[in-house]
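Colleague: I'm new to this one, so could you take me through it slowly? I'd like a close look at a single part, the nonpolar core, and then whatever else helps me find my way around.

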Amino acid sequence: MHDSKHSSRIGVLTGGGDCPGINAVIRAVVKTALNEYGWEVLGIEDGFEGLIQPGKVRPLQMSDVRGILPRGGTILGTTNRANPFNYEVEVDGEIEVFDVSDDVVRYAQVLGLDALVVIGGDGSLRIACELMEKGLKVVGVPKTIDNDLQGTVITFGFDTAVNTAMEALDKLHTTAESHHRVIILEVMGRDAGWIALKAGIAGDADIILIPEIPYDIHAVIEKIDARNRQGAKYSIIIVAEGARPVGGDAVYQAHREVGGVRRLGGVGEVLGAQIRELDHSEVRVTVLGHLQRGGSPSAFDRLLATRFGAMAVHLIAEAKLGEMVALRDESIVSVPIAVAVDQQKIVPLSSDIIRTALSLNVSLGNTRAVIERMAVEAREQVA
Ligand code: F6P
């Protein structure tokens with residue numbers, strides 16, 4: 001364990017999109033640091049913005065984290081717009097981009113931070129990696145509803161989001177059945193289909209469309225028609241925001257995100273229009289949106305987030321800097337942050353969950369033969 005003199009003050013920040021369970025991590029970090037090591041904890045507000053702008057750092061005591069375990073969001077605030085390496089500032093009405101990373105590292109030194117806990121998704125953890133190269137001592141906690149980080153079986157926030165999407169599907173079922181409609185639920189997840197796939201199976205969707213399997217609209221129509229022929233005169237489709245048709249592109253929102261990052265969204269309506277045109281079914285589209293990011297964390301996420309937060313502090317005590325806490329089998333372990341952000345974790349087509357969906361005759365938007373061929377090709381690429 002570190003000499004307590006050398007790790008007496010740590011910082012914690014939350015970056016990128018929020019998700020259920022962040023407060024549980026913050027609480028566990030503060031409680032573990034204070035109880036077990038007698039360290040001070042500084043809360044950095046609004047992600048890396050709090051290390052760029054003054055007046056955004058405050059000590060966190062036990063009283064600050066009392067009662068926050070079940071609360072969604074983050075008591076520290078967050079942003080996905082404060083990358084110190086590409087920091088946007090309005091100068092004379094124009095947006096200019098600056099690299100303020102050296103200032104961030106200096107400010108952390110001025111604050112006397114021996115280490116910084118970064119609770120973030122791939123964007124924030126990638127920034128953390130780059131700051132580490134400049135001397136900042138960091139440990140990471142994987143946070144995202146998308147579950148798209150390598151190195152960990154699961155990220156916290158994902159389970160709650162899947163539950164939210166599943167409950168939405170339960171509710172859509174009854175109205176779809178009453179009105180004999182096709183109802184499409186569009187869910188988040190960026191370029192990974194984890195939310196759609198898992199919520200789709202848990203919520204009994206008839207058709208699940210994920211970015212990993214480009215969909216053939218004719219296969220979608222065939223499934224709807226088959227259900228009609230069998231007497232089930234309604235169909236439920238869950239579509240991941242990053243899903244795309246065979247040979248086509250994902251659907252993006254018209255306005256651009258700051259920093260040039262394009263935002264996915266709208267595939268539900270596009271798909272709905274295609275079905276109406278080809279099948280004349282009555283179609284309705286629900287976009288679940290940011291409901292997936294809110295709410296009280298599930299028991300699974302509270303526990304995972306709490307274990308992650310406590311372990312992040314233990315990693316600092318063991319001088320395992322540059323590591324990210326992760327779930328492997330039943331245990332919390334650590335992996336280099338660089339491994340986690342190396343590439344996005346998408347749904348492997350050879351996974352048992354894909355096979356389960358196919359066994360249950362759920363349509364994944366393409367023929368079984370195509371999906372199996374894609375799985376073989378993906379395996380060959382890895383080998
Ligand atoms: O990464 C989490 C996530 O919710 C994605 O699933 C989604 O594409 C994106 O963030 C939405 O971002 P914003 O909060 O900027 O709308």
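Modeller: Let's settle one term before we start: helices here are DSSP runs of H or I with at least four residues, strands are runs of E with at least two, and both are numbered from the N terminus. Counted that way, the chain has 12 helices and 13 strands. Keep in mind that you're looking at a predicted model.

Now to the part you asked about. The largest nonpolar core holds 74 residues, and the members touching the most others are Phe 156 and Ile 354. Zoom in on Ile 354. If you skip its neighbours within four places in sequence, Ile 354 is in contact with Leu 197, Ile 210 and Ile 213, and also with Val 347, Pro 348, Leu 349, Leu 364 and Ile 371. Apart from this core there lies another one, made of 27 residues, including Ala 108, Leu 125, Ala 128 and Ala 340.

Step back and you can put those cores into the whole chain. Buried residues make up 51% of the 383 residues. Among contacts with a separation of 6 or more, 72% are between residues 24 or more positions apart. For a chain of 383 residues, a compact globule would have a radius of gyration near 21 Å, and this chain has 22 Å, so the two agree. The C-alpha trace spans about 75 × 50 × 45 Å along its principal axes. As for the outside, the chain exposes about 16900 Å², with carbon and sulfur atoms supplying 49% of that area. You'll also find 38 positive and 51 negative side chains, and the centres of those two sets lie 4 Å apart.

With that picture in mind, here are a few single residues to click on. Try Arg 181, in the loop between α5 (158-179) and β8 (182-187). Its relative accessible area is 14%, and the cut-off for buried is under 20%, so Arg 181 counts as buried. Leaving out residues up to four places away in sequence, Arg 181 touches Ala 176, Lys 233, Tyr 234, Ser 235, Glu 282 and Arg 284.

Next, look at two asparagines. Asn 147 sits in the loop between β7 (138-142) and α5, and its phi is positive, near 60 degrees, although the residue isn't glycine. Asn 361 is in the loop between α11 (352-359) and α12 (368-382), and here too phi is positive in a residue that is not a glycine, at about 65 degrees. What about their accessibility? Asn 147 is buried, with a relative accessible area of 2%, whereas Asn 361 has 52% and counts as exposed.

Finally, follow two helices to see what the fold brings together. Asp 103 belongs to helix α3 (residues 101-110) and is partly exposed, at 38% relative accessibility. Asp 103 and Ile 52 are 51 residues apart along the chain, yet their C-alpha atoms are separated by 7.2 Å. Over in helix α1 (residues 22-37) you'll find Glu 36. Between the C-alpha atoms of Glu 36 and Ala 310 there are 9.8 Å, with their positions 274 residues apart along the chain. Not counting residues up to four places away in sequence, Glu 36 touches Lys 31 and His 314.

Note on methods. Residues numbered from 1 in each chain as written. Predicted model: local features only at pLDDT ≥ 70, side-chain atom pairs only at ≥ 80, totals over all residues. Heavy atoms only, no water. Core = buried A, V, L, I, M, F, W, Y, C linked by side-chain atoms within 4.5 Å. Buried < 20%, exposed > 50% of the residue type's maximum accessible area, 1.4 Å probe, protein only. Contact = heavy atoms within 4.5 Å. Rg over C-alpha atoms; globule rule 2.2 N^0.38 Å. Areas by Shrake-Rupley, 256 points an atom, 1.4 Å probe, with all protein chains shown as cover. Lys, Arg positive; Asp, Glu negative; His and termini not counted. Charge placed at Lys NZ, Arg CZ, Asp CG, Glu CD.
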